[in-house]
Amino acid sequence: MTTPVPGLPLRDELYLLAHNDDTGQPHIHRQALALGLAGAVLIDLVLAGRTILDNDDHPAGEQRVKMHIDRPVGDLIADTALTSLRHARLAPPLRHWLRGFADDLYERTRAGLHAAGILRHTSRRRLAGLIRADTYLPTQTRWPVIARARLRYLADGREQPDNHTAALAGLVVALHLTPHLFLPDNTTVVTTHLRAIAHQHLRPVRDITAAVDAAVGDLATATYR
């Protein structure tokens, strides 16, 4: 049985799964991934009991994000999210909060992984040295492999999902990352199974995942306008 990597937040695992292990290139658009990362931060805060969603008379995606316990969790990005809620005049709608907090979250997450020694930075010159290409790669392959293995065990029915892994499954499906898990089974079947697992868990987590899915859809629609 696999277990979550100690101290690795949901957003960090999502970041690692969303990148090619060998090239460091993202599998999806950075803006879409940033929305998923924002959802992951909020899910971690919900699971830690720091935030709640107010579902009273609010349509999907418009639930209000509220502080529940005003106490830091000891993670810079998560505590920044708590600060944004603490200083908000009104509790923000869920999808609005996701879009706002996603701003530069990709870069902040990458910087945190680099500072923690999980990513290493390399740079090289292209086009006769005119352009510098920066690349961030895992320092050890075990970081993405462990997260990928947990999802594989879920898909195979060999492991019972905890809230963390079920949330990761939901976000992977919402961001269309299932093909990049390198699972031997049919991608459609795996996606359906992971989605079903995610839907069996906590309602706030499901609501946040659905809001991420909708926000990514909005982003795609805006691109083609």
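This is a short chat about the fold, surface and a few residues of a predicted model.

Reader: How many helices and strands does the chain have?

Author: This predicted model has nine helices and four strands.

Reader: In what order do the elements run from the N terminus?

Author: The order is α-α-β-β-α-α-α-β-β-α-α-α-α. Two helices come before a pair of strands. Three helices then lead to another pair of strands. Four helices finish the run.

Reader: What radius of gyration does the chain have?

Author: The value is 17 Å. A compact globule of 225 residues would be near 17 Å, so the chain agrees with that.

Reader: And what does the C-alpha trace span along its principal axes?

Author: About 55 × 40 × 40 Å.

Reader: What share of the residues is buried?

Author: Buried residues make up 45% of the 225.

Reader: What about contacts between residues at least 6 apart in sequence?

Author: Of those contacts, 64% join residues at least 24 apart.

Reader: Switching to the surface. What is its area?

Author: The accessible surface is about 11,500 Å². Carbon and sulfur atoms account for 51% of that.

Reader: How many positive and negative charges are there?

Author: There are 26 positive and 23 negative charges. Their mean positions are 5 Å apart.

Reader: Now single residues. Where is R11?

Author: R11 is in helix α1, which covers residues 10–17.

Reader: Is R11 buried or exposed?

Author: R11 counts as buried, because its relative accessibility is 6% and the cut-off for buried is under 20%.

Reader: Which residues is R11 in contact with, leaving aside its neighbours within four places?

Author: The contacts are L37, A40, V41, D44, D75, I77, A78 and T109.

Reader: Next, D104. What is its phi?

Author: Phi of D104 is near 60 degrees. That is a positive value in a residue other than glycine.

Reader: Where does D104 sit?

Author: D104 is in the loop between α4 (94–101) and α5 (105–115). With a relative accessible area of 41%, D104 is partly exposed.

Reader: What is the phi of H176?

Author: H176 has a positive phi too, about 60 degrees, and it is not a glycine.

Reader: Which loop holds H176?

Author: The loop between α7 (163–174) and α8 (187–199).

Reader: Why is H176 called exposed?

Author: H176 has a relative accessible area of 57%. Exposed means over 50%, so H176 falls in that class.

Notes. Residues numbered from 1 in each chain as written. Predicted model: local features only at pLDDT ≥ 70, side-chain atom pairs only at ≥ 80, totals over all residues. Heavy atoms only, no water. Rg over C-alpha atoms; globule rule 2.2 N^0.38 Å. Buried < 20%, exposed > 50% of the residue type's maximum accessible area, 1.4 Å probe, protein only. Contact = heavy atoms within 4.5 Å. Areas by Shrake-Rupley, 256 points an atom, 1.4 Å probe, with all protein chains shown as cover. Lys, Arg positive; Asp, Glu negative; His and termini not counted. Charge placed at Lys NZ, Arg CZ, Asp CG, Glu CD.
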